[in-house]
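Me: I have a model open and want to learn to read it feature by feature. Please give me the general idea each time, then the case at hand.

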Amino acid sequence: MVEQTIIINGKKFSTTKNGTVLNLSDNNFVSLPSGIFDIRLLKLKTLILCNNKLTSLPEGIFDNLFNLRRLSIEYNNLTSLPEGIFDNLLNLEELWINNNELNSLPEGLFNNLVKLDFLDTALNKLTSLPLSLCKCRRLTELYCDRDQFEYIHPQVQQVLDRMINSAIL
């Protein structure tokens with residue numbers, strides 16, 4: 001297998017030798033160009049974008065990452081996420097969106113994340129969780145401490161209760 005290289009702001013970044021991990025953390029990125037994660041990264045399973053200064057992400061930025069299992073966009077300055085940004089990530093199992101400036105999440109954000117078993121939304125400014133979280137039937141770990149929840153939909157509460165009950169058993 002061959003590593004893949006992408007160029008951002010004139011700087012080269014390479015995946016691991018087997019092409020499954022790309023770590024772009026700690027680069028002070030304020031933005032990323034749309035289309036940066038193209039079909040060459042088809043084998044990518046882990047993408048780490050933490051500890052940058054991202055304020056937004058382009059729509060469709062993850063559309064070609066069909067095999068992605070782990071995505072970290074934590075410790076940035078994201079204020080919102082585009083509707084459908086995770087729609088093609090059908091194999092995603094772990095998602096870190098904590099430590100941003102998120103006030104809300106798009107209602108359909110989790111619609112296609114049926115394999116998601118770990119989610120960290122902590123230390124944002126979230127006032128609720130979207131109903132689409134109920135689609136994450138495999139979810140066993142949810143970290144949402146220090147968010148600012150004002151309302152939890154009854155169906156989302158059932159998901160939380162299920163997780164608590166399974167943890168107790």
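Reply: Start with the elements. Helices (H or I, at least four residues) and strands (E, at least two) are DSSP runs, numbered from the N terminus. By that rule T20 sits in the loop between β2 and β3 (21-23). This is a predicted model, where local features need pLDDT of at least 70, side-chain atom pairs count only at pLDDT 80 or more, and totals for chains, interfaces and linings use all residues. Residues are numbered from 1 along each chain as its sequence is written, and side-chain values use heavy atoms, with hydrogens and water left out.

Me: How many helices and strands does the chain have, and in what order do the elements run?

Reply: There are 1 helix and 8 strands. From the N terminus the order is β-β-β-β-β-β-β-β-α. The radius of gyration is 16 Å, close to the 15 Å that the globule rule gives for 169 residues, so the chain is as compact as a globular protein of that length. That radius is taken over C-alpha atoms, and the rule is 2.2 Å times the number of residues to the power 0.38. The C-alpha trace spans about 45 × 30 × 25 Å along its principal axes.

Me: Is T20 buried or exposed?

Reply: Use the cut-offs. Buried means under 20% relative accessible area, exposed over 50%, and partly exposed in between (1.4 Å probe, protein chains only). T20 has 16% relative accessibility, so T20 counts as buried. Across the chain, buried residues make up 45% of the 169 residues.

Me: What does T20 touch, apart from its neighbours within four places in sequence?

Reply: Contact means heavy atoms within 4.5 Å. Leaving aside those neighbours, T20 is in contact with K43, L44, K45 and T46. Now the chain as a whole. Take the contacts with a separation of 6 or more: residues 24 or more positions apart account for 47% of them.

Me: Which way do the side chains point along strand β1?

Reply: They alternate along β1 (residues 5-8). I6 and I8 point to one face and are buried. T5 and I7 point to the other face and are not buried.

Me: Which strand pairs with β1, and how do the two run?

Reply: Pairing needs at least two DSSP bridges between two strands. Here 4 bridges join β1 to β2 (residues 11-14), and the strands run antiparallel. Check two partners in β2: T5 is bridged to S14, and I7 to K12. The two strands form a hairpin with 2 residues between them. N9, in the turn, has a positive phi of about 50 degrees.

Me: What lies in the segment before β1?

Reply: Q4 is found there. Its relative accessible area is 25%, so Q4 is partly exposed. Q4 and S14 are 10 residues apart in sequence, yet 5.5 Å apart in space, C-alpha to C-alpha. Beyond four places in sequence, Q4 is in contact with F13, S14, T15, R40 and L41.

Me: Where else should I look for a positive phi in a residue other than glycine?

Reply: Try N51, with phi near 55 degrees. N51 is in the loop between β4 (46-48) and β5 (70-72). At 35% relative accessibility, N51 counts as partly exposed. Then try R146, with phi near 65 degrees. R146 is in the loop between β8 (141-143) and α1 (154-168). At 64% relative accessibility, R146 counts as exposed.

Me: What is E107 in contact with beyond four places in sequence?

Reply: E83, P130, L131 and S132. E107 lies in the loop between β6 (94-96) and β7 (118-120). Its relative accessibility is 46%, so E107 counts as partly exposed. The C-alpha atoms of E107 and L133 are 8.8 Å apart, with their positions 26 residues apart along the chain.

Me: Which residue can I check in helix α1?

Reply: Q157 lies there. Q157 is partly exposed, with a relative accessible area of 30%. Its C-alpha is 18 Å from that of L113, 44 residues away along the chain.

Me: How are surface and charge summed up for the chain?

Reply: Surface comes from the Shrake-Rupley method with a 1.4 Å probe; for residues, only the protein chains shown count as cover. The accessible surface is about 8600 Å², of which 49% belongs to carbon and sulfur atoms. For charges, Lys and Arg count as positive and Asp and Glu as negative, while His and the chain ends are not counted. Each charge is placed at NZ of Lys, CZ of Arg, CG of Asp or CD of Glu. The mean positions of the 16 positive and 19 negative charges are 9 Å apart.
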